[in-house]
Amino acid sequence: MNAIALPAIEFHTPQLIGKPVEKLVRKLRDVQEIFSNRKACASLDPETVVYEVESWFPVTEDTEGGLFTGITHILPGQVGNEYFMTKGHFHQIRNRSEYYFGIQGTGMLLLMDEDRVTRAEKMYPGSIHYIPGHTAHRTANTGNTVLSFGAVWLADAGHDYETIRQQGFSRILINLHGAPALVKNEQVPE
Ligand code: M6P
Ligand code: ZN
């Protein structure tokens with residue numbers, strides 16, 4: 001029997017490995033504008049890796065009903081008192097939902113609906129998060145070790161980063177006296 005080699009989750013690293021896994025590295029210089037404290041950001045090395053994404057795209061982006069999967073690794077760190085986090089996005093096709101699941105480390109998933117109401121869910125190894133359609137999502141690493149989480153999303157969902165770039169999330173996640181706190185984002189309207 002000729003078995004085809006497929007991508008696989010290597011649990012001990014953990015990583016998504018094999019061909020054709022695509023890897024994306026987001027450094028501070030790529031994501032500096034997502035952090036509230038620009039001064040603190042400017043004092044850090046722009047080459048610092050904030051997060052990496054390993055993805056498998058078995059079908060093309062326009063495949064209705066197709067699925068993509070990936071693992072994201074957010075490094076531990078802060079910009080000022082704000083934890084390292086992903087850019088965050090709505091889906092271009094707004095009703096598209098997604099699953100996230102915690103693999104290693106601890107963090108928070110920020111979920112903001114179209115009325116800009118933001119809530120957060122704790123991420124830990126084994127946690128499962130259903131991200132409904134019409135909901136922007138961003139993850140932050142609140143621990144001292146790498147936060148890795150898996151994701152499964154619809155191939156045609158698309159990433160709308162622009163809405164978040166212009167309007168931000170209504171809440172930001174900061175380290176307040178050693179614990180994560182979801183507080184009002186003073187830089188954007190409610
Ligand atoms: C998850 C999925 C991906 C996303 C990645 C990083 O793996 O939701 O679609 O690209 O997280 O998040 P972002 O694109 O917001 O930086
Ligand atoms: Zn998504």
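Start by selecting E98 and ligand 1: a polar side-chain atom of E98 lies 2.7 Å from an oxygen atom of the ligand. Keep in mind as you click around that this is a predicted model.

**Around ligand 1**

Leave the ligand on screen and bring up its surroundings. There are 13 residues around ligand 1, and Y51, E98, Y100, H159 and Y161 come nearest. Pick Y51 from that group and look for a polar side-chain atom 2.4 Å from an oxygen atom of ligand 1. Then try Y161, where a polar side-chain atom sits 2.5 Å from an oxygen atom of ligand 1.

**On to the zinc ion**

Now go back to E98 and select ligand 2, the zinc ion. Which protein residues are its donors? They are H89 (NE2), H91 (NE2), E98 (OE) and H137 (NE2), lying 2.0 to 2.2 Å from the zinc ion. So E98 has turned up twice on this tour: as a donor of the zinc ion, and as one of the residues that come nearest to ligand 1.

If you follow these donors along the chain, their spacing reads H-x1-H-x6-E-x38-H. Why is the arrangement around the zinc ion irregular? Because the four donor atoms subtend angles of 85 to 160°, while a tetrahedral label would need all angles to lie between 85 and 135 degrees.

Are H89 and H91 buried or exposed? H89 is buried, with a relative accessible area of 8%. H91 is buried as well, at 3%.

**Along strand β9**

Next, select residues 98–104, which make up strand β9. Add residues 128–131, strand β12, and you'll see the two pair in the antiparallel sense over four bridges. To find one of those bridges, select Y99: its partner in β12 is Y130.

Now show strand β14, residues 147–154, which also pairs with β9 in the antiparallel sense, over six bridges. Here, select G102 and look across to F149 in β14, which stands opposite.

While you have strands on screen, here's a handy viewing tip: in a regular strand the side chains alternate between the two faces of the sheet.

**A stop at T118**

Jump to T118, in strand β11 (residues 118–123). With a relative accessible area of 13%, T118 is buried. Turn on side chains and find S170: the side chains of T118 and S170 make a polar contact at 2.7 Å. Leaving aside neighbours within four places in sequence, T118 is in contact with L110, L111, M112, S170, R171 and L182.

**Two cis peptide bonds**

Zoom in on T13 and P14, which are joined by a cis peptide bond with omega at about -25°. P14 lies in the loop between β1 (8–10) and β2 (15–17).

Then move to K19 and P20, where you'll find another cis peptide bond, with omega at about 0°. P20 is in the loop between β2 and β3 (21–27).

**Two histidines with positive phi**

Finish with a pair of loops. Select H134, in the loop between β12 and β13 (135–141). Phi of H134 is near 60°, a positive value in a residue other than glycine. At 35% relative accessibility, H134 counts as partly exposed.

Your last pick is H177, in the loop between β16 (171–176) and β17 (179–184). Phi of H177 is near 50°, again positive in a residue other than glycine. H177 counts as exposed, at 80% relative accessibility.

Conventions:
Residues are numbered from 1 along each chain as its sequence is written. Chains are lettered from A and ligands numbered from 1 in the order in which they are written. This is a predicted model: local features need pLDDT of at least 70, side-chain atom pairs count only at pLDDT 80 or more; totals for chains, interfaces and linings use all residues. Side-chain values use heavy atoms; hydrogens and water are left out. Two strands pair if DSSP finds at least two bridges between them. Donors are N, O and S atoms within 2.8 Å of the metal (3.2 Å for Na, K and Ca); water is not among the atoms, so sites may look incomplete. Four donors count as tetrahedral if all angles lie between 85 and 135 degrees; four count as square planar and six as octahedral if opposite donors are over 155 degrees apart and all others between 65 and 115; anything else is irregular. Buried means under 20% relative accessible area, exposed over 50%, partly exposed in between (1.4 Å probe, protein chains only). A polar contact is a pair of N or O atoms within 3.5 Å; within protein, one must be able to donate a hydrogen and the other to accept it, and residues adjacent in sequence count only if both atoms are side-chain atoms. Contact means heavy atoms within 4.5 Å. A residue is near a molecule or strand if one of its heavy atoms lies within 4 Å of it.
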